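Me: Please give me a close look at a single part of this structure, the open space on its surface, and explain how the nearby parts of the model relate to it. I am in my first year, so a step-by-step account would help.

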Amino acid sequence: MVGEEGIQRAGQVDIKELSLISSDNQIISLKDGFFSELHLFEDMFLNYMHGYVLITDKRNLIQELNIHGEEFLNLEFKTPSFPEKDVIKKTFRVYKLTDREIVQDTNTQTYTLHFMSVEMFNDVLLPLFGSYEGDIKDVVQTIFESFIAESRNYIISIDHKEIKENEQPTSLIILNEPSNRVKFVSPGWSPFKCINWLASKSLSKDFQAKNFIFFESNKNFYFGSVESIFKDANENNILLGEYTISVSNLDKKDRNREMFLAKDVKMVETVDYFKNYTSGYLSNRLIYLDVFNKNYELIDYDHIEQYKKQHHSSGLKTSIPVFSYQAVKTFANNISFYSKNPKLFNNFENNVNEKMGEIHGNRLSSLLELGLIKMDMTIPGRTDAEVGCMIKFMYPAVSPKSQENKSLDNMDKLYSGNYLITAIRHVITSQSHEMHLQAVKDSLYVDGESTKLVDYAENF
């Protein structure tokens, strides 16, 4: 929760470090007098973080430091009053300079430095040619630790004259373990591509959904299923907080309440039934080709039948689907092909090559489900937030209100509830921190109070 002590307003930020390290190890602090705005992006469907910083330069740093795209950016900031574990701290690699422009007079210029995670450079420079065998979790960890893991940040002395690497490497958190094994040869794929491929071939030990993903947040790298995030959030009440739409008559002295108000709220996507029918969300078919035995198998997946077996954003028993049980479905509307060779690796059982019949249909539907209801909003920045977190958002019911009652207590029963944060754009200035979120939910919410919705859920 947000503490009162040490924070004067919602979105306050303490920038501890923002330094540029040149290719010949010269260091310049950008905190005072150089940077005007920093944008930092994280996304659950990307393997790395990236961003850009807007520079106002009266010292001609481009010439002084020979800035040409091989620099490092050391970043550390925190919400005041938050514990040290909530700091966002990382070294990024600058990869290009754009939008250079002379302004005001010939002594001032502006430009943009673009940066991304150092691990991304490891990825593009290390194509893998080799064989891997074992439990998927172990193979993922081996590839990550051998080819991706990097010192997460440089340590710069107070006088900005000395640099040393932090010996603590990048962390990979396994959210939940796959149950199946793998034996494959990487044909020059990058490490990230290998891990993404392994995610797409993973069966969970404890969950039904096959929606494993691999991503980086501002704290760690993660590998696991989205269903495990939903289960943990709902059963253990792991939420960033309960947010509502900002109102104009807010008492600005109430800092704790102000931290949980959202503005610029826009529901950018709701259920598209035509897309559901054609994309394979409701049902799909896999033609499983056996190249050794020269035959094939038709495997039809019915998501309507499987829905209640999976954890969703609104909980296991408090979620209702966006479709009815009588929804029209045609397996042949979405057909995929996959080949297997059961004799490719003799005496190697449970290989992913022979598990796609269990994985494909469910994974297709489960990932499509994450885009059913999508919302954009802006909230005050807080450095304990990262992609993969969940918030409770109370969407107001639009209905006539009396002149005396302008409260937001009357909430939309369907679209209020728990949302998964899939993307964040941190916008940071010397004075403020805002987060532009994209949040999704894969189900509607039934709270037990609406008889109509309870009946719908029970009948489903």
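**The largest pocket and its surroundings**

Reply: Sorted by class, the residues that line the largest pocket comprise 14 nonpolar, two polar and five charged ones. The model is a predicted one, and every value below is computed from it.

The pocket encloses about 480 Å³ of space. Its wall is made of 21 residues, and those nearest its centre are Ile238, Glu386, Gly388, Cys389 and Met390. Helix H5, residues 226-236, gives four residues to this lining, which is the largest share.

Cys389 deserves a second look. Although it is among the residues nearest the centre of the pocket, Cys389 has a relative accessible area of 17%, and because this is under the 20% cut-off, Cys389 counts as buried. Another cysteine, Cys194, is buried as well, because its relative accessibility is 0%. A disulfide would need two cysteine sulfur atoms within 2.5 Å, and the count of disulfides in this model is zero.

The pocket is an open space, so it is useful to set an enclosed one beside it. Rolling a probe the size of a water molecule over the atoms shows where empty space is left. There is one cavity of 30 Å³ or more in the structure, and the largest cavity has a volume of about 40 Å³. Its lining includes Ala209, Asn211, Glu227 and Phe230, together with Gln310, His311 and His312. Ser366, Glu369, Leu370 and Asp442 also belong to the lining of this cavity. By class, that lining has three nonpolar, five polar and three charged residues. H5 appears here again: H5 and helix H9 (356-369) each provide at least two of the lining residues. Helix H5 therefore contributes to the lining of the pocket and to that of the cavity.

Aromatic residues are the next topic. A pair of aromatic rings is described by the distance of the centres and the angle of the planes. Over the whole structure, 17 aromatic pairs are found. In one of them, Phe214 and Phe221 have ring centres 5.8 Å apart and planes at 20°; the pair is stacked because that angle is under 30 degrees. Phe214 is buried, with a relative accessible area of 3%, and Phe221 is also buried, at 0%. A second stacked pair joins Phe215 to Tyr222, with 5.3 Å from centre to centre and 25° between the planes. Phe215 and Tyr222 are both buried. Elsewhere, Tyr132, Phe184, Trp189 and Trp197 make up one aromatic cluster.

Rings can also lie under a charge. Arg93 is placed over the face of Phe72, 5.7 Å from the ring centre. The charged end of Arg93 also sits over the ring of Phe121, at 4.3 Å from its centre. Phe121 is one of the buried residues of helix H2. H2, residues 118-125, is mostly covered, with six of its eight residues buried. Besides Phe121, these are Val118, Glu119, Met120, Asn122 and Asp123.

In contrast to these covered residues, some parts of the model are open to the surroundings. Lys308 belongs to the loop between helix H8 (303-306) and strand E19 (319-320). Its relative accessible area is 53%, and because this is over 50%, Lys308 counts as exposed. From Lys308 to Ser319 the sequence separation is 11 residues, and the C-alpha atoms of the two are 8.6 Å apart in space.

Two further residues are of interest for their backbone. Asn66 is not a glycine, yet its phi is positive, at about 55°. Asn66 lies in the loop between helix H1 (61-64) and strand E5 (72-78), and it counts as partly exposed because its relative accessibility is 44%. Asp99 likewise has a positive phi, of about 60°, without being a glycine. Asp99 is part of strand E6, residues 88-102, and its 57% relative accessibility means that it counts as exposed.

To return to the part requested: the pocket holds about 480 Å³, and helix H5 supplies the largest share of its lining.

Notes. Residues are numbered from 1 along each chain as its sequence is written. This is a predicted model: local features need pLDDT of at least 70, side-chain atom pairs count only at pLDDT 80 or more; totals for chains, interfaces and linings use all residues. Side-chain values use heavy atoms; hydrogens and water are left out. Buried means under 20% relative accessible area, exposed over 50%, partly exposed in between (1.4 Å probe, protein chains only). On a 1 Å grid over the protein atoms alone, a cavity is a set of points where a 1.4 Å probe fits but cannot get out, and a pocket is an open set with protein on both sides within 12 Å along at least five of seven lines; lining residues have an atom within 4 Å of a point. Grid points are joined across faces, edges and corners, and a volume is the space filled by probe spheres set on the points. Ala, Val, Leu, Ile, Met, Phe, Trp, Tyr, Cys and Pro count as nonpolar, Asp, Glu, Lys and Arg as charged, and the others, Gly among them, as polar. Rings of Phe, Tyr and Trp (its six-membered ring) pair if their centres lie within 6.5 Å; planes under 30 degrees apart count as stacked, over 60 as edge-to-face and the rest as tilted. A charge sits over a ring if NZ of Lys or CZ of Arg is within 6 Å of the ring centre and within 35 degrees of the ring normal.
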